[in-house]
Amino acid sequence: MEKGKYLALVGTGALFGSVSTIFFLRLLQNHNEVVDSLLKSLIFYLCIFFNATELNGLETCTIAGKKNDKAVHEDLLKDEIVSEHLTRNIQFFGFESQQKVSASYVVVIGLGGVGSHAASMLLRSGVGKLLLVDFDQVSLSSLNRHALATRADVGIPKAQCLKEHFSSIFPECQVDAKVLLYDSSTEEEILSGQPDFVLDCIDNIDTKVALLAACVRRGLKVLSATGAGARADPTRIRIADLRESTNDPLSRAVRHRLRKDHGIEGGIPVVFSLEKPKAKLLPFKGPNGEEENPSDYQIVPGFRVRIIPVLGTIPAIFGQVMASYVVTELAGFQVQTEPIVNFDTDHYHTLHQRLIEHEELVYGTSQQVQVDVEEVMYIVKELWHGRSARDQLVKEVGRGMWRLVNELMLVRWDCEKPASISNLILLKFKEVDEHESRTLDDIKEKEPEFYNSVDAVLKRAEIDFGYAH
C-alpha cells in the first residue's frame, strides 16, 4: 500500500512538472506541433506508468478514450447517415452483401505503411468492428507512407493515432486499439472474439510466422502482407497462395519457417510483389555518424533497426489491395485473381495454332474456330488458369503447374457447337480423346461435379463477352 502511494505521488509530480515545462515551452517558442507531440508522448508513457503490464520488456496498454461497447450488428445500415456514407458500396455489392461487411469484425496487426492504409479503407468501407494492434509509435520518417498520421501525431502510438482519426471518419464503427507486441502471451487477447478476418501487416519474420501459425491453428481467415520496401512497380503486386510467392525474399523465409516449425505448406493468401527489391538494407549509423551494430539499439529483440528504403506509394497500394480483398470476401463477392506464372506470347500462338490443326483433323475444317490469339489468352489465363479443366481443384501451384504446358490444348466442350470463347476447355493431350468420345449427357450423369464446374466457368465467359441473354 505504501509503495502504491509513493508511486502515485511520484507519477503525479512528474505529470505536473512536465505539464508546467510544456506550458513554458509554449510561451518561449512557436513550435506547437513538436510540443503537442511531446505532450502526447508524455501522457502515453504516464498511461503506461500507472496501468501497464510487463510484456517481453515492453510496456503495453489498451488505448483509453470514449468507451464504445455497442455490438456489431446488421442494423448499422438503418442509420441514414451510415447508409449514405456507404451508398457506393451498397450499389456495388447490393444491400445484403454490404450488411455482411458492416456486421464483420476484422483485426489488423501492424499499423505502418501497409496496415494503416488497409485499416483506413476497411473503416471507410463500413466494417463494423476493428481491432488495431501495434506496439510502435509514429515517427517523422514514417509520414511518407502512413495513411493518416500528421506531424502532430509524431511520438504517439500508431494504434492511438489511427483510433483518434477514425472517430472523425466513421464514428459508428467500434474501434478498439491496443499498444501490444503480438506473441504467444498476447495471442488470446488479440485473436479471441472470433474475428471474421485477420490482417498480418507485420514486417518481422518471427512474429509473422507465429501469428500465421496461430490463425491456422484457430481456423481464422488471415491475409498476410510480404515485403513492400525497395520496390517501385505497382503493376507487379499480386495476391496468391503463400506457395506461389516465390519471387519475394520475405515470403520465402516465412514459407520455410511455417513448413519447418509448424508443418504448414500453404493455404494462406498473401499480398506480394513480383518485382525484385531495388535496394538492400542501408548501413546503420550511430549518433557519431559511424557504422555500428544495429542490435545495440533494438528496443525489441529480433526487430530490425536498419532501414529499408521505401517508396511510400508501394506499401500504400499493398494496404489498399489487402482491404479490397478482405471487403470482397466479407461481402461474398467473387473475384478471380490472375495466375502468377504466365505463358509468354509464343505459347498462346502455339495453343491457337494447335486448336486450328485439331479442328481440321477432327471436323475437316477450321472455319468454326471463332477465337483469335488474344481471346485464347483470356480463355487460358482467366478461365482455366493455365491448367487442364480437370485439374482446377489440384493443389499444386507455382512453376510446377506449368511444366506440362506443351501437353495442353484447347478443344470444344460441346462438339455440336462452334469453337467459341464460351465453348472451349483446356485439356491435356491424354484427356482429349476420352472427352471427345463422350456426350455431355454422359458427363453430366456420371461426373456432375465436373460438369457443373465447367458449365459455371463457360457461363462466366458468356457474361464477360456479353453473350448471355
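**A partly exposed loop leucine, two nonpolar cores and a helix crossing**

L311 has a relative accessibility of 41% and is therefore classed as partly exposed, since buried residues fall under 20% and exposed ones over 50%. This and all other values reported here come from a predicted model. L311 is located in the loop that connects β9 (269-273) with α11. When neighbours within four places in sequence are set aside, the contacts of L311 are with R231 and A232. The C-alpha atom of L311 also lies 7.0 Å from that of G229, although 82 residues separate the two along the chain.

The chain as a whole comprises 16 helices and 11 strands. Of its 469 residues, 48% are buried. Contacts between residues at least 6 apart in sequence were also examined, and 71% of these join residues at least 24 apart.

Two separate nonpolar cores are described here. The largest nonpolar core contains 43 residues, and V106, L122, L132 and L199 have the most contacts inside it. Helix α11 is the leading contributor to this core, supplying 8 residues. The surroundings of V106 were examined further. Excluding residues up to four places away in sequence, V106 touches L122, V127, K129, L130 and L131, together with F197, L199, V326 and L330. A second core, separate from the largest one, has 34 residues, among them V376, L410, A419 and Y451.

Helix α11 (residues 313-331) also packs against helix α5 (residues 95-102), with the two axes coming within 7 Å and crossing at roughly 120°. The crossing of α5 past α11 is right-handed. On the α5 side, the contact is formed by S97, K100 and V101, while α11 contributes V327, L330 and A331. Classified by residue type, this contact consists of 4 nonpolar residues, 1 polar residue and 1 charged residue. L330 of α11 thus appears in the contact with α5, and L330 is also one of the residues touched by V106.

Cysteine residues were considered separately. The structure contains 0 disulfides. C161 has a relative accessibility of 0% and is therefore counted as buried. C173 is likewise buried, because its relative accessible area of 3% falls under the 20% cut-off.

How values were computed:
Residues are numbered from 1 along each chain as its sequence is written. This is a predicted model: local features need pLDDT of at least 70, side-chain atom pairs count only at pLDDT 80 or more; totals for chains, interfaces and linings use all residues. Side-chain values use heavy atoms; hydrogens and water are left out. Axes are lines fitted to C-alpha atoms, for helices over the stretch in contact, and angles run from 0 to 180 degrees between N-to-C directions. Helices (H or I, at least four residues) and strands (E, at least two) are DSSP runs, numbered from the N terminus. A crossing is left-handed if the near helix is turned anticlockwise from the far one by less than a right angle, and right-handed if clockwise. Contact means heavy atoms within 4.5 Å. Ala, Val, Leu, Ile, Met, Phe, Trp, Tyr, Cys and Pro count as nonpolar, Asp, Glu, Lys and Arg as charged, and the others, Gly among them, as polar. A disulfide is a pair of cysteine sulfur atoms within 2.5 Å. Buried means under 20% relative accessible area, exposed over 50%, partly exposed in between (1.4 Å probe, protein chains only). A nonpolar core is a set of buried Ala, Val, Leu, Ile, Met, Phe, Trp, Tyr and Cys residues joined through side-chain atoms within 4.5 Å.
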